Each structure stands twice: as structure tokens, then as C-alpha cells.
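Reader: Please present the model, and then let us discuss its aromatic residues and its sheet.

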Amino acid sequence: MQNVAIDCADAYELARFWSEVTGRPLDSAYGPGDRETQVAMGEGPALYFNQVPEPKTVKNRIHLCLRPGTSRDREVDRLLALGAGFVADHRNPDGSGWAVLADPEGNEFCVLRSESDRAGGQ
């Protein structure tokens, strides 16, 4: 697989957000105002951002799920500080579950429990 394509209103700005989320670099061949750009993920497909004229109007049919290196709840807090929005809370009292967030353009994604959360029985 080459990439995961994400339609958006501002390719460079949304790619900057996802670069911060993932800690992976923006492709240096692109810059502000470009209609497309990507975040190189190292392993696996790149995140490719393609500027389109129409806005997002319905729930995603496909979405990204993140498994953070830190705790799930700390990662949710970090992503909210970066500009993500909170969509739904599917975390359970026993520590299992996930949180659904949205990027600045409304694309939903999930934050799963980290490996350390899972190893701790949560």
C-alpha cells in the first residue's frame, strides 16, 4: 500500500497537525499553500493529504486508530491541546475502551490503550 489519502480543505495545515500527532516529518517537497502533501510514516503507508473543494459532511467510513507510547488518557490530553476535538468516550471504568477524537477538519480517529495500559490490566 502506498498511502492513506485524506481529503481536506487545507492540505498543508492538516498535514502539519498529523505530523505533530504522529511525530513523523512532513514531506519536504511540499509547503504552505500546496494542494497536496504527505507525512512519511517510516513503516507502512504515508498519510497523503489532498485538498478538495467540498467540506466533510458525514461520519468517516474509514478512520485511523492510534496506539500511543504513553497512556491513552495522557495521549488524549496531548491531542486535545494540539487542536483535536473530543467526539465520543468509549472508555470503561475498568480502563478498557477507547476515545474518539476529530482532527481540525472533523475527521474522526480513535485513541486506543497503550501497550503499557494493556499490560497493566487496563
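**Aromatic residues and sheet**

Author: F17 is buried, with a relative accessible area of 6%; buried means under 20% relative accessible area, exposed over 50% and partly exposed in between, with a 1.4 Å probe and protein chains only. This is a predicted model, in which local features need pLDDT of at least 70, side-chain atom pairs count only at pLDDT 80 or more, and totals for chains, interfaces and linings use all residues. Residues are numbered from 1 along each chain as its sequence is written, and side-chain values use heavy atoms, with hydrogens and water left out.

Reader: Is W18 buried or exposed?

Author: The relative accessibility of W18 is 2%. The cut-off for burial is under 20%, so W18 counts as buried.

Reader: What type of aromatic pair do F17 and W18 form?

Author: Rings of Phe, Tyr and Trp (its six-membered ring) pair if their centres lie within 6.5 Å; planes under 30 degrees apart count as stacked, over 60 as edge-to-face and the rest as tilted. The ring centres of F17 and W18 are 5.6 Å apart and the planes stand at 90°. The pair is therefore edge-to-face.

Reader: Which strands stand at the edges of the open sheet?

Author: Strands are DSSP runs of E with at least two residues, numbered from the N terminus, and two of them pair if DSSP finds at least two bridges between them. The open sheet has 3 strands in the order 1-3-2, with mixed pairing. Each edge strand has a single partner, so one side is left without a neighbour in the sheet; these are strand 1 and strand 2.

Technical notes: Helices (H or I, at least four residues) and strands (E, at least two) are DSSP runs, numbered from the N terminus.
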